[in-house]
Amino acid sequence: MRRIDVTGADGVNLAAWEFADPPKESAEADGAPGVLLLHGLMGRASHWAPTARWLAERYRAVGLDQRGHGRSEKPADGPYTRDAYVGDAEAAIEQLGLGPVTVVGHAMGALTGWQLAAKRPDLVRAVVICDMRASALGAASQREWSDWFASWPLPFATLADVRKWFGEDDPWVERPNPSRGAFYAEVMAEREDGWRPVFSRRQMLRSRATWIFDAHWEELAQVRCPALVLRGLDGELGRAEAQEMVRVLPRGQYAEVADAGHLVHYDQPEGWRAAVEPFLEQLAEDNREDREPVAP
């Protein structure tokens with residue numbers, strides 16, 4: 001991974017991560033397609049590393065630590081609005097020369113992806129929407145998250161304790177889930193008193209509040225590029241809503257991954273790849289056909 005500094009909306013400093021050597025000049029001349037990877041709430045770009053390894057064989061894969069996350073700036077006063085998150089992604093694509101890009105987003109990152117595609121169709125070639133609902137979740141959901149954050153037994157003495165609590169002991173875990181424990185271990189940093197999250201839970205609630213009270217069907221309908229709606233069978237996006245999202249999308253497709261929860265790409269990396277790769281290959285084929293000269 002190679003860090004590239006990006007200036008986001010409102011001048012916020014963001015960390016983008018390229019998962020391979022920059023494309024050679026010949027590749028750039030051939031228009032090596034870019035992929036922007038956007039993590040979900042509390043995540044970070046490094047969560048995409050397994051995905052980026054196979055993407056980098058054919059694409060310029062870049063992950064973005066979104067504001068308030070990872071190594072990016074965490075301004076105390078924000079803003080942590082939808083406009084800010086979308087503006088950051090827009091700035092990253094333009095400054096890195098990725099456009100038109102395929103945006104692969106998980107949860108909050110998926111919402112950012114489809115909102116950006118609706119706002120700037122010139123920048124987005126396609127979007128992968130992973131386990132993100134278009135419907136409003138409501139105030140009860142925010143209260144549940146606030147209570148859940150308060151239940152974290154911080155600080156954790158060791159990373160093994162992090163993995164165990166989030167993978168086994170967390171009341172939200174129905175059955176042992178080692179991948180969930182690994183996910184949260186990756187967003188912890190060692191402090192003087194133990195291991196704590198690299199993000200502010202207060203800021204995460206503020207970020208979340210910008211989407212849970214509103215539905216996003218109208219913006220979804222404005223996405224004109226190809227879009228893949230993907231869910232884990234045990235995730236947060238139900239099949240009926242996912243299929244309605246596909247219906248609303250002008251060029252929507254549907255896929256699901258068995259034995260996967262909300263963290264689809266973490267729970268089942270092979271199933272995730274098997275669902276996403278054909279979509280990307282079809283995009284590449286369509287782009288090749290569009291570039292082929294028409295016979296006289």
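Pro155 has its place in the loop between helix 5 and helix 6 (159-169), and in this predicted model the peptide bond that leads into Pro155 from Leu154 is cis, with omega near -5 degrees. A cis peptide bond also runs from Gly99 to Pro100, where omega is near -10 degrees, and Pro100 is found in the loop between helix 3 and strand 5 (101-106).

As to confidence, the protein averages a pLDDT of 93, and 93% of the residues score at least 70. Over residues 24-29, by contrast, pLDDT stays under 50, and for this stretch the model has two contacts beyond four places in sequence.

**Backbone torsions**

Several residues take a positive phi, and the table sets out their values with the places where they lie.

| Residue | Phi | Place |
|---|---|---|
| Asp10 | about 65 degrees | turn of the hairpin of strand 1 and strand 2 |
| Gly97 | about 65 degrees | just after helix 3 |
| Ala107 | near 55 degrees | loop between strand 5 and helix 4 |
| Asp131 | near 50 degrees | loop between strand 6 (124-130) and helix 5 |

Ala107 and Asp131 are residues other than glycine with a positive phi. How large is the relative accessible area of Ala107, and is the residue buried or exposed? Its relative accessible area is 8%, and because the limit for a buried residue is under 20%, Ala107 is buried. Asp131, at 2% relative accessibility, likewise counts as buried.

The turn that holds Asp10 belongs to a hairpin in which five residues lie between strand 1 and strand 2. Strand 1 (residues 2-7) and strand 2 (residues 13-18) run antiparallel and are joined by six bridges, and within this pairing Arg3 stands opposite Trp17 of strand 2.

**Helix 3**

Helix 3 (residues 82-96) has 15 residues, and its end C-alpha atoms are 21 Å apart, which agrees with the 21 Å that the helix should span at 1.5 Å a residue. The helix is mostly covered, since twelve of its 15 residues are buried. Among the buried residues are the charged-type names Arg82, Asp88 and Glu90, together with Tyr85, Val86, Ile93 and Leu96.

**Aromatic contacts around helix 5**The model has 18 aromatic pairs. In one of them, the rings of Trp145 and Phe149 have their centres 5.8 Å apart and their planes at 80 degrees; planes over 60 degrees apart count as edge-to-face, so the pair of Trp145 and Phe149 is edge-to-face. These two residues lie four residues apart in helix 5 (residues 139-151), and they are therefore separated by about one helical turn. Both Trp145 and Phe149 are buried. Phe149 also forms an edge-to-face pair with Trp152, in which the distance is 5.2 Å centre to centre and the angle between the planes is 75 degrees; Trp152, like Phe149, is buried.

Which residues extend this arrangement into one aromatic cluster? Together with Trp145, Phe149 and Trp152, the cluster is formed by Trp148, Phe156, Trp165, Phe166, Trp172, Phe183, Tyr184, Phe199 and Tyr266. Some of these names return in the surroundings of Trp152, which, leaving aside its neighbours within four places in sequence, is in contact with Met42, Trp165, Phe166, Tyr184, Met188, Pro197, Phe199 and Arg201.

**Nonpolar cores**

The largest nonpolar core has 69 residues, and those with the most contacts inside it are Met42, Ile129 and Trp152. Helix 4 (residues 108-119) provides the largest share of this core, namely seven residues. Apart from it lies another core, which has 26 residues, including Leu55, Ala126, Val257 and Ala260.

**Val276 in helix 12**

Val276 is found in helix 12 (residues 269-291), where it is buried with a relative accessible area of 2%. Which residues are in contact with Val276, leaving aside its neighbours within four places in sequence? They are Trp54, Val128, Leu228 and Leu230. Cys225 lies 51 residues from Val276 along the chain, and the C-alpha atoms of these two residues are separated by 16 Å.

Methods:
Residues are numbered from 1 along each chain as its sequence is written. This is a predicted model: local features need pLDDT of at least 70, side-chain atom pairs count only at pLDDT 80 or more; totals for chains, interfaces and linings use all residues. Side-chain values use heavy atoms; hydrogens and water are left out. pLDDT is the predictor's confidence in each residue, from 0 to 100. Contact means heavy atoms within 4.5 Å. A nonpolar core is a set of buried Ala, Val, Leu, Ile, Met, Phe, Trp, Tyr and Cys residues joined through side-chain atoms within 4.5 Å. Buried means under 20% relative accessible area, exposed over 50%, partly exposed in between (1.4 Å probe, protein chains only). The expected span of a helix is 1.5 Å times one less than its number of residues. Rings of Phe, Tyr and Trp (its six-membered ring) pair if their centres lie within 6.5 Å; planes under 30 degrees apart count as stacked, over 60 as edge-to-face and the rest as tilted. Two strands pair if DSSP finds at least two bridges between them.
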